[in-house]
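Colleague: I should like to go through this model with you, beginning with the charged side chains. May I put a few short questions?

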Amino acid sequence: MVNVKDRYKQIEKIKQKVDFLNEMIGLLEAEPKKREMNLPSDIINDIMAWQKAEGTPR
């Protein structure tokens, strides 16, 4: 049961991050000239880890 609760918490955190990123995408789409946006460090770290895992250059 503990593993299920931990997994549920992880899923909820991921959902929150996805919602946040969707909101940021909406803001960028509303202002296409905007080139920079401040993101929380945990999201930046997740993006960098994903890029490293995918072999995508920065």
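Colleague: Is aspartate 46 buried, partly exposed or exposed?

Modeller: Please bear in mind that this is a predicted model. Aspartate 46 is partly exposed, because its relative accessible area is 37%, and partly exposed covers values between the 20% and 50% cut-offs.

Colleague: Which residue forms a salt bridge with aspartate 46?

Modeller: Lysine 17 does, with the closest N and O atoms 2.5 Å apart. Lysine 17 belongs to helix α1 and aspartate 46 to helix α2, so this salt bridge ties together parts of the chain that lie 29 residues apart in sequence.

Colleague: And which other side chain meets lysine 17 in a salt bridge?

Modeller: That of aspartate 42, at 3.9 Å from N to O. This pair also links distant parts of the chain, with aspartate 42 in helix α2 and lysine 17 in helix α1, 25 residues apart. Lys17, Asp42 and Asp46 are thus linked in a network of salt bridges.

Colleague: What are the relative accessible areas of lysine 17 and aspartate 42?

Modeller: Lysine 17 has 26% and counts as partly exposed. Aspartate 42 has 36% and is likewise partly exposed.

Colleague: How many salt bridges does the structure hold?

Modeller: It holds three. One of them joins the side chains of glutamate 12 and lysine 15, at 3.7 Å from N to O.

Colleague: How far apart in helix α1 are glutamate 12 and lysine 15?

Modeller: They are three residues apart in helix α1, which spans residues 2–30, so about one helical turn separates them. In general, an α-helix has 3.6 residues a turn, so residues three or four places apart point the same way.

Colleague: How accessible are glutamate 12 and lysine 15?

Modeller: Glutamate 12 is partly exposed at 26% relative accessibility. Lysine 15 is also partly exposed, at 47%.

Colleague: To change topic, what span should helix α2 have, and what is the distance between its end C-alpha atoms?

Modeller: Helix α2 covers residues 41–54, which is 14 residues; at 1.5 Å a residue it should span 20 Å, and the end C-alpha atoms are 20 Å apart, so the two values agree.

Colleague: What follows helix α2?

Modeller: Glycine 55 follows it, with a positive phi near 75°.

Notes:
Residues are numbered from 1 along each chain as its sequence is written. This is a predicted model: local features need pLDDT of at least 70, side-chain atom pairs count only at pLDDT 80 or more; totals for chains, interfaces and linings use all residues. Side-chain values use heavy atoms; hydrogens and water are left out. Helices (H or I, at least four residues) and strands (E, at least two) are DSSP runs, numbered from the N terminus. The expected span of a helix is 1.5 Å times one less than its number of residues. A salt bridge is a side-chain nitrogen of Lys or Arg within 4 Å of a carboxyl oxygen of Asp or Glu. Buried means under 20% relative accessible area, exposed over 50%, partly exposed in between (1.4 Å probe, protein chains only).
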